[in-house]
Structure formats: C-alpha cells, structure tokens
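Please consider how the parts of this assembly meet one another. The account below moves from a contact inside one chain to a contact between two chains.

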Amino acid sequence: MTVGGLQGLVVLAVFVALMVGFLAVNQRWPAHFRRIPAYEALRQAIERAVEAGERVHVSLGTGSVIGPESAPALAGLAALTRIARATSISDRPVVVTTGDGAMAILARDSLRSTYQEVGASELYEPTSGRLLGATPLSYAAGLPAVLANERVSVHVLSGAFGVEAGLAADFGERAGLFVIGGSDDVQAQALFYAVAQHPLIGEEVFASGAYLEVGTMHTASLRAQDFVRFGLIVLILLGVIVRTLEGPL
Amino acid sequence: MRVLRLSAIWAALALGVGLFVLLGYFVDLGFIQNFRLTFLRWAVLLAAAALVVGLANLLGVHWRKVSLTEEGWIYSGVLILSFTVTLVLALVFRPDGQAALFIFNTFQLPLESSLMAVLAVSLLVAGFRLVNRRRDLLSLLFVGTALMVLLGTGPAPGGAEGPVVIALRDFRAWLSQVWAAGGARGILLGVALGATATGLRVLLAADRPYGS
Amino acid sequence: MSIADLISSVLASILTVMVLSYLVGDNPLFRVAMHLLVGSAAGYAGAVAINNVLGPGLVDPILAAGLEGLLSPSVLVTVLVPWILVITLMLKVSPATSRFGTPAMALLVGVGAAVVVGGAITGTLLPQSLTSMRSLNPAGVASGESLERLLELVIVLVGTLSTLFYFRFSRRASGQETPLAVLAGLSIPGPLSLLRSVGGAFIAITFGVMYAGAVAASLIVMAERVQFLSDTLSNLLGVSG
Amino acid sequence: MACRRCGEQLKPILMGGLADDEADENGDWLERMRREAESLSGEDESLEAEPAEEQELPAAPSGSDRLADAEIPDWLDRIRETQTGELRAKAAAEAAAGGAPARDVSAIDDSALRARLGPSLPTGEGAAEPAGPAESVEELPTWLQDVSPEPEAERKASPWVPALIGEAPEAAQPGRPAEDLPEWLGEIDTLKESIEQELPGPAAAPGSDLAQATLPSWLEAMRPVETFRSVVQIEAEEDQSVESVGPLAGLRGVLLAEPVVAMPRTSTVGSMQLDVTERQYAQAELIHKMVEEEQREQSVSPRKGTRLALFRWGIAALVLLAVALPVFGGSPVFALPRLAPQELGALVEIVERLPVDRPALFVFDYEPGNSGELDAVAGAFFDQVMARGVPLATLTTRPAGSALAKGVLDDRTARFGYVSGQSLLHLGYLSGGPTAVQLFAISPRASILKGFDLPEGIPDDLWNAPLLQGIQSLSDFSIVAVITSGTESARIWAEQVGSRMGETPLVMVLSAGAEPLVRPYFDFQEQRPGERLVDGILSGLPAAASYELRNARPGLALARWNPFGSGMLAAELILLAGVGYGIVNWWLGRKTG
C-alpha cells in the first residue's frame, strides 16, 4: 500500500468513525448550526408554494451518477425526499428534472418511496422525475418550458452544473420565481452568486439534509465535516511550520 | 417487513459494490482492483442504458403533452419530431455519417452557441443588479474584482498596449493566481469534505436514493 | 461553398436569431428553438450511446464469443451479468416493472458514491492539503522576487484556511461570538468572526474572478455568433450577386 | 419552534400524530380556529336564528327550561347537569386553551350510567325505546365508540407530513413507538383502560362522575355542536300537548310514547367518526397558516418589472451593438497583446520537444456551446502541434465531442498534410464521464471499443491501426492535451489521471472561467517538480492571440479580437454603471430610512 493510500484510508476511517460517533451522541449532545438564510427562505417559500397551490421544481443538475460530480445531486435527492413530504399535501407535487438518465430514475425512485411512506402513493407520477436534456446546455434549454407550463414558483438547483448554471438560474429569475442554487463546481457557484436570489456557497449545498431535517445522519455527518475541517486546518498549519523549520522557500 | 428486507438487501448491494470501488483507490491488491474495474465497467454500461431509459421518459413526457394537447403541446411536437429524426438518421447512417453531422452542425451547434451568447447578457444583467440587490460589502467586492479582471483581460482600445494596460494585466494575474487561487483551494477543500460526507451517507445506507 | 453548406448556415443563422430573440423576452420563436435543441441533442446522444457504448459493450462480445463461448466464466462476468443488469434497468421504463430495476440502480449508486468519496479524498483533500503546506521561511529572502513570492504564499495560505473556516456550520449553543470590544458604538469582532469575514472576502474575490471568466467566455461566443451571421449574410449576398 | 410568520408555536406533524408535548399547542390552534368559526357565526346570529338557538340552548338555559325543571324527573335532571357541567368545563377549557385530561373523557361511560340508572335503562338497540333520557344517555357511549383508536396497521400506514417550519424530531419516524403517540391519539388509544381504571363502580357517588363529564377542548372542537343536543326538547308546560287518549287523557307534559327513532334528530353516527389522517391534519394546519398569511401577501409592483425589463433590453442592446460594430463596421480596433502570459512559454517549449514518432492525444471535453471560445483558444496550439507533424488521436467524454473534434481538425488536415487513419484518428466517445476517464487511464484499449469517422482500411479493432499499435497506456502518448470548459473535468484529469502519465506531459486548454481552479495544479507541479499534475496551461483569448502571433499564423483568436474587445469594454461599463446605481440606491435608501 502506498503512503497516499494509507493517508486516504486514515481520512476515510476518521470520517466514518466521526459520523457514527456523532450519530450516537446526537440525542445527548444536540447540534447547533449557524444560520443559512437561503435554507430558511426555502422553507417559507415551499410552504407558500403549497398554500398557493404552486409547484416546487428541484433541479439535480447535469452530472452523471457514476462520477464524482454526482455528490451535490445525491445531497439534492436527500433534500428532495423532505421537500416531497412537505409538498405531499399540495395539489401540485414536486417535479424533478436532471440532465442524466440514471439521476432521473433515482429521482423517480425517491419520489415513489417518499410518497408511499406518507401514504400518498396516488401523488406519484412517472413524469414527475424526468430527463430534461441529454447535454448540459440542452438541459438548460428545457427549463423555461417546465418553469412556465408546470406552474412552478420555487426553483431549487442542487447538482453539478457548469456555465449553464447561469442560464438555469436566470430562467427562474426572469419568471419571478424563488431561486436557490448550489453546486460543487466553483464556477457554477460564482454564477449562482451573481444570478440567483439565494445562492448556496461552497459546501452549503451538501448541508441541505441537515438544515431541512432529513435525518440524524445528516446532522451527524455535518458535525463530522466540521471536525475534519478543523483537523485539516491544524494539519496544514503544522505542515507549514515543519516545512518552514526545514528550510527556506 | 418484506419491503424492509428488500431495501436492506439493496443497501447491502450498494455498500458491497461501493466498498470494492472505494478500497481500489487506496489498496493495490489484485482482486480488489479486478472487482473495482469490473464494477466500473458495468456502471459505465448501466449509465448508457440509463440514458436510453431517460430518453424514453423524455419522449413519454412530451408525447403525453401532445396527446392531451396540454399547454405548449406544439413545442412538444417539435421536440418529438427533432428527436426522432435525429435518432433515426444517426442510428441508420451512424453518428459520424453525413446526415447526422449535418443535423448536428445545423441545429445543435448553433443553438447551443447562441444560448451561450444569451448567457453573456444574463450574466451582465445580474452583475449590474447585484450591488443594488444585495447591498453588502461582499457583493461590492465581487463586482469590483470582476471589473478589475475584465479590465485586465480585455484588449485595450487604441494602437498599442500602454503601461496602464500592462499594470492591469499584472494585477489581474495577481488577483486570479494568488487571491483567487487561495480562495478556490479553500472552497475545493470544503466541497471535498461535503462530497465525502454525502458519499459516505449513501454507502452507509442513511440515504437510499434507489428507493426501497 | 456547397449548397448543403449554404442551407446549413442559413438554417443555423435563422436559429441563432430565434435564440437571440430571447434578449427581448420569452417568445414562441425562442421556445421552438429550445425544443429543437433538446430534441436534436437528445437524439444524437441516444444514438451515440447505442452505437458506441451499448452495441460494442453488449452485442459485439456475444458475437465474438459465439454461443458456446457464452458459458465460459469470463464471458459470464463480462457479458451475461451486464446484460441482466441492463435488462432489469430497462424495466425502469414502466412503473409496473420499475421495482425490478432497483438492484441495478443500487449498484450504480454504490459505484457513484464510492467514486465521490474516493475522488474527493485522493483527488482533492490530500493533494490540496499537501500543496498548502509550503515553507514560509524568510531566510534568504534578499531579492524582491523572493519577498514577493513569500507574500503570495502567505496570501494563498490565509485564503485557503480562512475560506475553509468560513464554511464552519457548528456554532456554540449561546449563539454569536462575543465581540472583543465595543469602541464608540462599533463592535470589534472576535478572532473567529474576523477569520470568517476574511474567508468571505476571499470567496467574493474568487467568485468575482470566475464570474469575469464566464463573462469573457460567453462574450467570445457571442462574437463568434455575430461573425457567423455576418459571414452567412455575405455568402448569401455573394450567391445572389 | 415558533412559526416565522405568526409567531404561533408550531410543531411538525409526526407519524401517528403529534408528540406528547405538542398536543396542547395543536389543540390550541384547533380550538382557536373553532372559536373563530363560532365568533363568525355569532356575528350572524340574527341571520342564522336556528343555529344560534341551538348553541344558546344548552349554554344559557331558557326560561322555559327552568320552568320545565320542576316537572322533569330527578335522573333526567342529572343528565342535564351533565350537559351544563360539560359546557361549563368546555368554557373553562376554552379559557385555558388546553386539552382537558383524559380522565374527563373516560368518565363518560354507558356502563357506569347503566349501573346508576338500573334496569330501567334500555340497551338502545330496541326500536321501541323510552324517550329522551334513555336516548340522551345512549348518545354518550355511541360517539365514544365511534372515536375508536386507529388499528395498529392503519396507524403504521398513516402518513408523516411534517411542515417545513419547525423541527422534526428524529424519533418521529415511521414505526414510531406507541408511547410517543400524541396526547389526543393516546387518549383514544387507551380509552378502554382509562375507563376501567378511573370509573368508580356502581357504588360510586352519584353525580361525582357525571360532574366530570367534560370533554377536552380538542374533542369539543372536532365534534358538531349539536351532537349532544338532547333529542327531547323540554317544552314549556303551556306549549306541551294535552294527552287526548288513554288513561292519561287530559294531562299535560306526559312522556311521549312515540318511538324516539321516529323523531327528527341529528344523526350521530358518522358525525363522530374522527378518522383524521395526518395529511388532513396538516391541511388543517395549512388552512390556519393561510388565514394568518393572507394579509402578508405582497403584491408585485408592475413598475419594478417594467424597469427590470428596460434594464435587460438596454444591456442586451448595448452588448450586441458593441460586439456587432467591429464585425459589420470594422471599428473600433483594439491593440494586440504585446506580452504573452508567462505560462505560454512553458507550453510552447513542451510542444517544441514533442517526439513525432508517438501520437499526441487531444481530449475534446467540451460542449458545442463552448466551441465558439475553445476552438479559438486551442487553434494556435493545434497549429503548432500539427505544424511539427506530430500524429494525432482524439478522444471525447461528451457525446458530441467527436463531431466537434472532426469539425475543428478537418480544415487543418489538408493544410498540414495529415491523412485520416494514418496520422489522425478519432478514438470516439468515452462513455461514463470521469469514471470512464479513470478506466481509460488504467487500460485505454479496454475502454475505447469503437472509433469515430474511421476511414476504410482501419481494422474493426481500431487499436490494431498502425497509428495506435504502440499504445498500451496513457504514458505511451507523446502528450495529453485536455481541451475543456469545465473546472470539474479539468480537475478529474489532473487528479485522477495525472499521476498515471509517467513522463507524458498533461496540458490544459481552458475556458477563461476555469483557469483559477486549474491554476493550483499547475503551481503544484511548479512547487513539487517530482509530483506532476499539470505541465502547461492555455486559457483565454489574449493568451491565444499571443500564441497565434508567436506562430505567425493568424487564426480565430485574432479574428475575434476586436468584437471581443468591444464587448469587454461594454461589459466593464455595464458593471461600473451597476456599481454606481447600486451605491446611489443604497445611499438613498439609508437616507430615507
């Protein structure tokens, strides 16, 4: 095993141990997270949409399920289950779109099992989780029709995006919708920051599960993230000190 | 009960497969690498098959709109037509055949490029509104930085680049290669932390997007 | 220029104008163009997936192995199992048979999640952290260049750490950090709040740079579109003239 | 957790109902909704005489009732006490805005009444029952039986629809244990046991149990007000009919012999079937919030929309005009870049050193939408590589990438004397995105199965083509150049593949927006020469224009230089105007408070 491999395994083991540990102590040692205004606004926007009989649209981006870029979409799927629960009393259940075939299937599966759990199986429609376009820009091209025809009022973007993020958010802004956007791609984050009403910065997109109260594991994993974050900061500082002592630039 | 058992089996399957692929990143043992490669190849095939399923779903959605003459059914008709014609031509004459390339160069290429051109205006409108919308120092810093980078990137009007333009180029390079590089590295590390947590939640079956 | 090329460029120009009409506002021409794009892109991608991936990955191996070869263990793994998985996945098309595709999706998700974790750790966490560990030893910093380099390294390090810190989610139960002091009504933030503010500034600068890059990229594409329209026009005039 | 709109304490609705500590609050809002409804109906009393009378009848007994009191038997009087006591308790419950304890409910029990009233009390099944008293007593257990607890299976299936406002405790998951059931469900659930435990036997003090015959406010709120109205109206003596036949002929106020079932009455069956699912409960909560929210709805000002549209049109017109002027009018003209970026030198050097006996691999990793930029940026690089006669292989991770590669290289093949199949080969589409990139890095031959636009004479297995015969791994290519618009794919190539390339240089041709993200990998190589990630970077039109000038081969970058410069100038002006506009509005906003 290489040194890098060993380091990787250590990081992995620490992460898993922290997640399980925080899960165990969650009841006794409850978590306190900072405010993320975008998520607070999202909660209210979704409730308002349900009250007004309007639809929530969740975009899972254009990333492939089997790629590293699927992470924000997987987080979006977790948030989707919560949003689907909350909108299951609405006349218009949530609609999910994506640019990847496998992700569209996962979206449908998530919706189906969520509706079954809340005893609202009749709300599930095979068309409520759909592939919108096979390429990133064609996916963005399909958005205006969905936003206009499906009577959408909340436009949630959580997935892998490239420059099409700017278009995807702008279509929502032009339609006067509530737009919240997050991605793992830094350029897409920058475009969301400029265009979207409620941008999710950096890793905030991965915190949707904890902030929308999907489950304790989401809370535990967020605390594990913070723990590893501090570990990383300390390690980097130590590394800098050691190298500085070793010799000049 | 049966549902529970089945979902546990699917979770175990995802974990088992994921474990081999994940260990393959760190451990060089032959059988782990073989399993990893096999699973990755299967996944690539499945992803392609999933695209076909997704396209069938796309077609179904728009076919339904046309058959029920829902709002915007004419556009759906246009989509079905263009989809069918392109698919048939590209399958019959192969994707590298003249017919498919003609459609690609005539429709997809210009349409996507034009959409990118529209993006330019969308971004500038957003940039124009940003400070007024957010009214905080960070948005001011954001737009100020963007302005400096644009000044340092764009060509200078006139016959030759003067010292001011050179200084702007250097400043742009300094911003992008030092300040932005530092921020980008921090963001990348944070995103990696979030991605790791998300992936582990799926592997530990806390999230089961494949349903139960 | 051949007639086919001319027809192609005229059609492409019309479509370009239809898309650019969105700058005035959403309209039927733009909608038609967008649906054309979705349809043609989906059709082409589907054909490529079938022709370049599913065909060679599923059909060709069977033809190569022949019927008797199908029973060999290697072919079972490389051909039959993928066939079964793909067929069950295809059952996802219909809600009635959808549940049979769950194992295939579980496999796909397992691979995806593992790639996410493995890629993040080996691709970003380790290399980017190691890269951040640079010597800041001022020894031998005589020339201005070294001094400048040292300054840059400090900025990058501060940017990396403060940005990483910015995303901290956990907070103390009591809430906000108490300010260091309050002078003339102005509260001086505590070190953590200060570090977070610095991180926010670095994020704004990074986003500003990336936003400017996207603007520049899209402006080049717009220039290309306008040039294309101009070329098509001149070709048409040339033909008519 | 408090509702962010009305400040009301709201709790999510959980599997099987509300958590114990939440029942009061929800009883509270249901109670409030009922009170609102009553006050509304109260306002319209004059219009709705009949319902008003129905409500007032028990609440404030009329004079006629008081007169009748003397006439009616003692046991019937007790029943009426029960009702008045119940109503008093209801009023108290309203004041307290909280659910009454469960024992009050359990106190109402037909067996207890039977024990007290003795055999004179009919079972209630018989058609010819005695009048009012028996019926009014019979009413009590009837509705209680109707409010039977949900069967276990049903409760398991009952939905969990948490509102997004408020916290959803983790215990609130499907399959939640019974002890976590909300108070109101818990009461119903344990009704029988509480009745057995808390009801005194036949010897219990009369009245003491009946005095407790009050209902919790939530139950009051859920039942129709008239449900407990006695079907026998005690009329004033003068209003009572005189018996005309039989031995009681001539007497007033005798008990009616007419079967109660034949008398007009409100059906109590069904009206008490409180099969309230959680979704209905959530909908009720929603209605409440809608009422609260109604006044807070903000109207969209049309002026704002129009102003925004004008901004959009103005900016669009300015940008289009700026880009079109140099194309159609030939001016303005912009200065060509005088100094090339420092990383360009490294790239040029790498290309100069390329061996010509091994193919270079160009990875087209961008969408057709980016071709307008990346074809121009990469053009000079292609020119330099092809001018050196390095054989080429192309690869793509996007379905349309091969078509783009063909379009970009076709017009150069003739110029540089390349022959498709001999010095240029399109490997085609690498499906699976980043994952497939890893597979390709490990074993290229097993990952690419079909080429693109292969000429005649190329064998079915394209890896047997003369151009690729020496290629076993990525390190066998002379160079790997990734032309990409996305930071993600650039990172994949740098992170996952860079380490597998041996001495083969990895070059990135990037869209302008991707550079800051890939730059650290280039610096990484600078900082740790032993560990290579990215060896060369080419990004942005200025660098490409410098490259073309250096090659002395004007291409797309120089052709787009002026419209690009003009567009950038417009963009700078727009952002500057935006900053000014924002600051002025900000200042004015602060000034006007």
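In this predicted model, domain 1 and domain 2 of chain C bury about 570 Å² between them, and carbon and sulfur atoms give 80% of that area. The assignment places domain 1 at residues 1-71 and domain 2 at residues 145-235 of chain C, with their C-alpha centres 38 Å apart. Eight residues from domain 1 of chain C and five residues from domain 2 of chain C take part in the contact. Zero salt bridges are found across this domain interface, while two residue pairs are in polar contact. On the side of domain 1 that touches domain 2, five residues are nonpolar, three are polar and none is charged.

The second interface joins chain C to chain A. Here 58 residues of chain C are in contact with 67 residues of chain A, and the buried area is about 5,400 Å², of which carbon and sulfur atoms give 74%. Met133(C), Phe169(C) and Phe207(C) supply 15% of the area that chain C buries against chain A, more than any other three residues.

Polar features are also present at this interface. One salt bridge is found between chain C and chain A: Lys92(C) pairs with Asp109(A), the closest N and O atoms lying 2.8 Å apart. The two chains also have 14 residue pairs in polar contact. Helices H2 (28-69), H4 (102-132), H5 (144-166) and H6 (191-240) of chain C each supply at least two residues to the side that touches chain A, and H4(C) gives the most, with 12 residues. By class, that side of chain C has 38 nonpolar, 11 polar and nine charged residues.

Conventions. Residues numbered from 1 in each chain as written. Chains lettered and ligands numbered in written order. Predicted model: local features only at pLDDT ≥ 70, side-chain atom pairs only at ≥ 80, totals over all residues. Heavy atoms only, no water. Contact = heavy atoms within 4.5 Å. Buried area = accessible area lost by both parts, 1.4 Å probe. Salt bridge = Lys/Arg side-chain N within 4 Å of Asp/Glu carboxyl O. Polar contact = N/O pair within 3.5 Å; in protein donor to acceptor, adjacent residues only side chain to side chain. Helix = DSSP H or I, 4+ residues; strand = E, 2+ residues; numbered from the N terminus. Nonpolar A, V, L, I, M, F, W, Y, C, P; charged D, E, K, R; others polar. Domains from an automatic or database assignment.
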